[in-house]
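Biologist: Take me through the spaces inside this one, please. I'd like a close look at the holes and at where the ligand sits.

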Amino acid sequence: MEISNQKISEDAFFAERKEVLGQWHTGRDIDFDEAVAYQKSIPAEKRFGAKLQKATEERRTLIQPRAGVALPEEHKKLLQFLETEGEADLLPTTVDSYTRLNRYHEAETGIEKSKETNRSMLNGFPIVNYGKTICRDVTSALKSPVQVRHGTPDARLLTEISIAGGFTSYEGGGISYNIPYSKSHSIEKTIAHWQYADRLVGLYEEAGVSINREPFGPLTGTLIPPCISNSVAVLETLLAAAQGVKDITVGYGQCGNLIQDVAALHTLNVLTRDYLDKYGYQDVRVTTVFHQWMGGFPQDEAKAFGVISWGAAAAALAKATKVIVKTPHEAMGVPTKEANAAGLRATKQVTSMLRDQDFRTVPAVLEESEIISTEMHCILGKVEELGRGDYAVGTVAAFEAGVLDIPFAPSRYNAGKAMPARDNVGAVRLLDMGALPLSKDIVDFHRRKLEERAAFENRPVSFQMVIDDVYAIGKGFLVGRPR
Ligand SMILES: CC[C@H]1O[C@@H](n2cnc3c(N)ncnc32)[C@H](O)[C@@H]1O
């Protein structure tokens, strides 16, 4: 299939829309003009992008959980609990795994089983099966803005129903919701699907309704070097802006070394702005999201709070616009509302205490920022070259060449050659570059940092370091030291 980073024409979009809205019966009562009018009835204080902008002006880091259960009344009560008892500034609706794979028949079964057992038999809220009316009933019952969070390679219908259902922010992208989430969705296909989603957002923007878009920053959430996740975020931002998206939150998943985490989020913010301006998108607003540790968590709840608080501190010191909060039940599965609220309050305590501290200009952070910025320019420059200026074409070619390569991703379209490991202070470095187009200086820097660790641990630089690092946090450490 031919893809390009061109804005989809209205004719082509509305022709495709007929097929999209026919994918499930709830698509049939989606009417664009009616949905625009409904979105316009949502007051500013409930609009996601507006609250993010206000936070930027007030130099606050907002807190947001993930949350989603099968039945509407329970989901509504859960979200109300999280904004009152949890003091959440922003709310989610995490979508269930069946919906993410367009398996709506199985989501239907999950809804029926949840009604029979009065327990949530789905790991999220099945937006497509419920349709716009039930979604509006949920979103209108809350005080805070609500965002749809999921992991859907083909999210076209989900986007339609989410926006018509009163959600004012939408997470995901054609790379970040494919490579880390699926084995065999082609990149061309998911980029095209997400161009549809972003074109729909662009049409709402053109009709006077702003919808915030958030590429999924953490990717596989396992030792992802900042230059890789940041480059993907910039690419998804450029692809979204080309379709008319005007409000974007770029994200990064905590790696654990404070200097590197602050530098990574700051560099992401700066370079996203630079690349948007370079291509004439000065009117696109940029905010940032820091994801608390996305890897394995300790079972012990007190230790889990330690990990949560460390993520809250890094987010606050990086001056992130918002932080996505984990819960003390992370190691067990879907959290109770009480555990979810506790993670939020612990986070709020730390972000409030650290509100007046800014680590972005700490000399060591500036040095690390320089390195990440250089790495990102190497990668993004190669993507541009491979696509001969077209970032959609370049992205597909970059994955084929291993120029974009996401560690531990299940997708068969991902080279899986780039291999990370922590250096002696826990910063994520590259043990194996794969085909990442990094300069010799950068390659030597990574090698040097890993040799420092090898000398300290009196063992050679090896894949065993990667294995030890993957299991370290669950065992209470950052660097996976040899036993
Ligand atoms: C991106 C994956 C993460 O999303 C979180 N998550 C997924 N589903 C739910 C859910 N239904 N409620 C709360 N948190 C959830 C959980 O932290 C998981 O590790």
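Modeller: By the rule I used, there are 3 cavities of 30 Å³ or more. A cavity here is a set of points, on a 1 Å grid over the protein atoms alone, where a 1.4 Å probe fits but cannot get out, and its lining residues have an atom within 4 Å of a point. Points are joined across faces, edges and corners, and the volume is the space filled by probe spheres set on them. Bear in mind that this is a predicted model, with local features needing pLDDT of at least 70 and side-chain atom pairs pLDDT 80 or more, while totals for chains, interfaces and linings use all residues. Numbering runs from 1 along each chain as its sequence is written, and side-chain values use heavy atoms, with hydrogens and water left out.

The largest cavity comes to about 80 Å³. Its wall takes in Pro218, Gly221, Thr222, Leu223, Ile224 and Ser229, then Tyr252, Gly253, Gln254 and Cys255, plus Trp293 and Met294. That lining splits into 7 nonpolar, 5 polar and no charged residues (Ala, Val, Leu, Ile, Met, Phe, Trp, Tyr, Cys and Pro count as nonpolar, Asp, Glu, Lys and Arg as charged, the others, Gly among them, as polar).

The second largest cavity, at about 60 Å³, does have charged residues in its lining: 3 of them, alongside 4 nonpolar and 3 polar. Asp198, Arg213 and Glu236 are among its lining residues, as are Trp194 and Gln195. Helices H9 (187–206) and H10 (226–242) each put at least two residues into that wall, and H9 gives the largest share, 4 residues.

Now the ligand: the space it takes is the largest pocket (an open set of points with protein on both sides within 12 Å along at least five of seven lines). Around the ligand are Arg66, Ala67, Gly68, Thr94, Asn123, Met294, Lys326, Glu330, Val334 and Pro335, each with a heavy atom within 4 Å. Met294 thus turns up both here and in the wall of the largest cavity. By class, the shell has 4 nonpolar, 3 polar and 3 charged residues.

As for polar contacts (N or O pairs within 3.5 Å), a polar side-chain atom of Glu330 is 2.5 Å from a ligand oxygen. Polar backbone atoms of Gly68 and Asn123 lie 3.0 Å and 3.1 Å from a ligand nitrogen atom. The protein covers 76% of the 430 Å² of accessible area that the ligand has on its own (Shrake-Rupley, 1.4 Å probe).

How values were computed. Polar contact = N/O pair within 3.5 Å; in protein donor to acceptor, adjacent residues only side chain to side chain. Sits in = over half its atoms within 2 Å of the grid points.
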